[in-house]
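Student: Hi! Could we walk through this one together, a piece at a time?
Tutor: Sure, let's put it up and start.

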Amino acid sequence: MGEQLRLMAVHAHPDDESSKGAATMAKYVAEGVDVLVVTCTGGERGSVLNPKLDRPEIWEQMATIRREEMERAREILGVRQAWLGFVDSGFPEGDPLPPLPEGCFGLEPVEKAAAPLVKLMREFRPHVVTTYDEDGGYPHPDHVMCHKVSVAAFEAAGDPASYPEYGEPWQPLKLYYHMSFSLPRVRALHEAMLAAGLESPYTEWLEKWDPARDKSHRITTRVPCGEYFEVRDDALRAHATQVDPDGSWFHVPLEIQKRAWPTEDYELTRSLVEQRLPEDDLFAGIRGSVGV
Ligand SMILES: [Zn+2]
């Protein structure tokens, strides 16, 4: 018996795990990989984005409801899940932007905020870690912070001199950033919708998109996971307050998605194993070395 492969996916809020890399996780779970989702904050400052649930009693119990939603999504994806216990920073809006609320995740010092993640990495001992890029994928302060603590913990977890009170050192072997919201993917989905005679939900988005900001040239890894898009969407719908079931996310039929863009895409940014890029497997170069 070889050692079981382990994947840790670090996310800012409950629901992020279901919209970024969810089909990848479902695929690896089906293959017997042990997958742990780490959720940095409780999502306490999230809005109610589903018009059918926009009621005062829902707003009042947001923290509890989001925990229940996360538990349903966790079951659907077949993963384990852990909370880091930080408080949602909220998405600041206005001009000038208001300051972040006191005590929120976005204001924590990185070294302190990375500590519980280092502890989890040493307990769970992941071979592969996924997180967001330096911009957070989108400019939510919790997403940017999630990136910072993930990178800091990846670097510190294997270092016996760092956080010595948080367990035996463990060095994860690969670190990836999510790269799925790329211009070529959105364009491919848009064109596939038009070719099928359907209305594309991306027309306005594509008009506004600044091609200079596209990061698709950074993609190193495309994981084929089209057969798990249903599972991904079911998990996302479990976050019922956070997604409108009639919204644009679900407008593109799965058959079209599977045909036009059947992968979730990543950038490999740290690797301690020999790599051959491009690749189609987050565990490429690891499988042999841990005897699976
Ligand atoms: Zn988020």
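Student: How many residues does helix 4 have, and how far does helix 4 reach?
Tutor: This is a predicted model, to begin with. Helix 4 runs over residues 62–77, which is 16 residues, and spans 22 Å from its first C-alpha to its last. That is close to the 22 Å expected at 1.5 Å a residue.

Student: Which residues of helix 4 are buried?
Tutor: Met-62, Ile-65, Arg-66, Glu-69, Met-70, Ala-73 and Leu-77. They cover an arc of only 140 degrees around the axis, so they sit on the same side of helix 4.

Student: Why would residues three or four places apart point the same way?
Tutor: Because an α-helix has 3.6 residues a turn.

Student: And what covers the buried residues of helix 4?
Tutor: The cover includes helix 1 (16–19), helix 2 (22–30) and helix 3 (56–60). Strand 2 (34–41), strand 3 (80–86) and helix 9 (229–238) are also among the covering elements.

Student: What comes just after helix 4?
Tutor: Gly-78, which takes a positive phi of about 75 degrees.

Student: Switching to the metal: which residues coordinate the zinc ion?
Tutor: His-13 through ND1, Asp-16 through two OD entries, and His-143 through NE2, at 2.1 to 2.6 Å. Along the chain, the donors follow the spacing H-x2-D-x126-H. His-13 lies in the loop between strand 1 (6–11) and helix 1, while His-143 is in helix 6 (residues 141–157), so this pair ties together parts that are 130 residues apart in sequence.

Student: Why is the arrangement around the zinc ion irregular?
Tutor: Because the 4 donor atoms subtend angles of 53 to 142 degrees, whereas a tetrahedral call needs all angles between 85 and 135 degrees.

Student: Are those two histidines buried or exposed?
Tutor: His-13 is buried, with a relative accessible area of 6%. His-143 is buried too, at 1%. The cut-off for buried is under 20%.

Student: New topic, aromatics. How many aromatic pairs are in the whole structure?
Tutor: A search finds 8. One of them joins Tyr-163 and Tyr-166: their ring centres are 6.2 Å apart and their planes are at 40 degrees, so the pair is tilted.

Student: Is Tyr-163 buried or exposed, and what about Tyr-166?
Tutor: Tyr-163 counts as buried at 16% relative accessibility. Tyr-166 counts as partly exposed, at 28%.

Student: Last one: which residues form an aromatic cluster?
Tutor: Tyr-202, Trp-205 and Trp-209 form one.

Definitions and conventions:
Residues numbered from 1 in each chain as written. Predicted model: local features only at pLDDT ≥ 70, side-chain atom pairs only at ≥ 80, totals over all residues. Heavy atoms only, no water. Helix = DSSP H or I, 4+ residues; strand = E, 2+ residues; numbered from the N terminus. Expected span 1.5 Å × (residues − 1). Buried < 20%, exposed > 50% of the residue type's maximum accessible area, 1.4 Å probe, protein only. Arc of directions from axis to C-beta. Contact = heavy atoms within 4.5 Å. Donors = N, O, S within 2.8 Å, 3.2 Å for Na, K, Ca; no water. Tetrahedral: all angles 85-135°; square planar, octahedral: opposite > 155°, others 65-115°. Phe/Tyr/Trp six-rings, centres within 6.5 Å; stacked < 30°, edge-to-face > 60°.
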